[in-house]
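Q: I would like a close look at a single part of this structure. Please walk me through the open sheet, then place that part in the chain around it.

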Amino acid sequence: MQPDLETEFLTLHEFVAAARQRLDAKGWDYIIGGTETETTLRRNRLALDAIALRPRVLRDVGAVDCSATLFGKPARLPLLLAPVGGLETCDPEGAVAAARGAGGFGVPVMVSSVTSHSKAEIRAASASPVLFQLYVRGGGRFIEDHVEEAIAAGLEAFCLTVDTAHYSRRERDIVRRFDKPWRAGVDDAASGPRRR
Ligand SMILES: Cc1cc2nc3c(=O)[nH]c(=O)nc-3n(C[C@H](O)[C@H](O)[C@H](O)COP(=O)(O)O)c2cc1C
């Protein structure tokens, strides 16, 4: 039976605690980790924490509406789920589950190219917009195949990642000796050992 998210999770901390309980050490470190020694991750966290909301009181907040139109469809909030590769580490349904969650809530999802599910399967899981992100791991034909699949599946947008010619070096994963199943056989000699 599907858990009732509205009552099971009342705070963000509870989502985090439940995820940690569900995942093994390698999966947990992969999901919460960043690249290299995670300096940028810490900087990003600090930058976000530096944003403060100024409270304004005695205003009419009787009709607050945060909804927006994203990719031609109504969204409950002006945000979307960012692409996370290898979600099968967390749940066998991977990107399909993420799309279902995003669609159920009413926001778009951007699907990572690192998924074992087809674009059509992911499309079917959500009525909200589905965007596809592609890491360039091949030539023109490789890209065109993905674009054609995205069009055929009826996805709303296609994003080409241009700044990651090589898979990033993630020291947290190296320490765990986490051999990601989706990287099997793709680490080329030029990358050197354990560039995961
Ligand atoms: C475990 C993990 C996997 C990710 N996989 C991808 C990916 O496959 N494609 C992509 O474009 N971005 C990927 N990202 C980057 C995220 O989409 C996002 O841009 C980044 O985490 C910054 O957002 P945040 O500060 O909300 O975490 C990944 C991030 C994490 C933490």
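A: What follows takes the sheet strand by strand, then turns to the ligand shell, the chain and a few single residues.

This is a predicted model. Start with the sheet. It is open and has 3 strands, in the order E3-E4-E5. The pairing is parallel. Two of these strands sit at the edges: E3, residues 109-111, and E5, residues 157-161. Each of the two pairs on one side only. From one strand to the next, the twist averages 25°.

Now take the pairs in turn. Strand E4 covers residues 130-135, and 3 bridges join E3 to it. The two strands run parallel. For a landmark here, find Met 110, which stands opposite Leu 131 in E4. Then move to the other pair. E4 and E5 are linked by 5 bridges, again in the parallel sense. The landmark on this side is Leu 134, whose bridge partner in E5 is Leu 160.

Helices come next. Helix H5 spans residues 94-105 and lies across E3 and E4. Its direction is about 165° to that of E3. Helix H7, residues 140-153, belongs with the other pair of strands. Together, E4, H7 and E5 make a β-α-β unit, and that unit is right-handed.

Next, the ligand. Which residues are around the ligand? The set includes Tyr 30, Ile 31 and Asn 44. Ala 82, Pro 83, Val 84 and Gly 85 also belong to it. So do Ser 112, Val 114, Gln 133 and Thr 161. Two of these fall within sheet strands. Gln 133 lies within the range of E4, residues 130-135, and Thr 161 lies within that of E5, residues 157-161. By type, the shell has 6 nonpolar and 5 polar residues, and no charged ones.

Step back to the whole chain. It holds 8 helices and 5 strands. Read from the N terminus, the order of elements is α-α-α-α-β-β-α-β-α-β-α-β-α. The C-alpha trace spans about 65 × 40 × 35 Å along its principal axes. The chain has 196 residues, and 19% of them count as buried. Among contacts with a separation of 6 or more, 59% are between residues 24 or more positions apart.

Three residues outside the sheet deserve a look. Arg 42 is found in helix H4, residues 39-49. It has 11 other C-beta atoms within 10 Å, so it is exposed. From C-alpha to C-alpha, Arg 42 is 22 Å from Leu 23, and the two are 19 residues apart in sequence.

Glu 38 is in the loop between helix H3, residues 25-32, and H4. Its phi is near 70°, a positive value in a residue other than glycine. Is Glu 38 exposed or partly exposed, and why? Glu 38 counts as partly exposed because it has 16 C-beta neighbours inside 10 Å.

Leu 58 is in the loop between H4 and strand E1, residues 68-70. It is not a glycine, yet its phi is positive, at about 55°. Leu 58 has 5 C-beta neighbours inside 10 Å and therefore counts as exposed.

To return to the sheet: E4 is joined to E3 by 3 bridges and to E5 by 5 bridges.

Technical notes
Residues numbered from 1 in each chain as written. Predicted model: local features only at pLDDT ≥ 70, side-chain atom pairs only at ≥ 80, totals over all residues. Near = placed C-beta within 6 Å. Nonpolar A, V, L, I, M, F, W, Y, C, P; charged D, E, K, R; others polar. Pairing = 2+ DSSP bridges. Helix = DSSP H or I, 4+ residues; strand = E, 2+ residues; numbered from the N terminus. Axes fitted to C-alpha atoms, helices over the stretch in contact; angles between N-to-C directions. Contact = placed C-beta atoms within 7 Å. Right-handed = clockwise from strand over helix to strand, strands pointing away. Buried ≥ 20, exposed ≤ 12 C-beta atoms within 10 Å, placed from the backbone.
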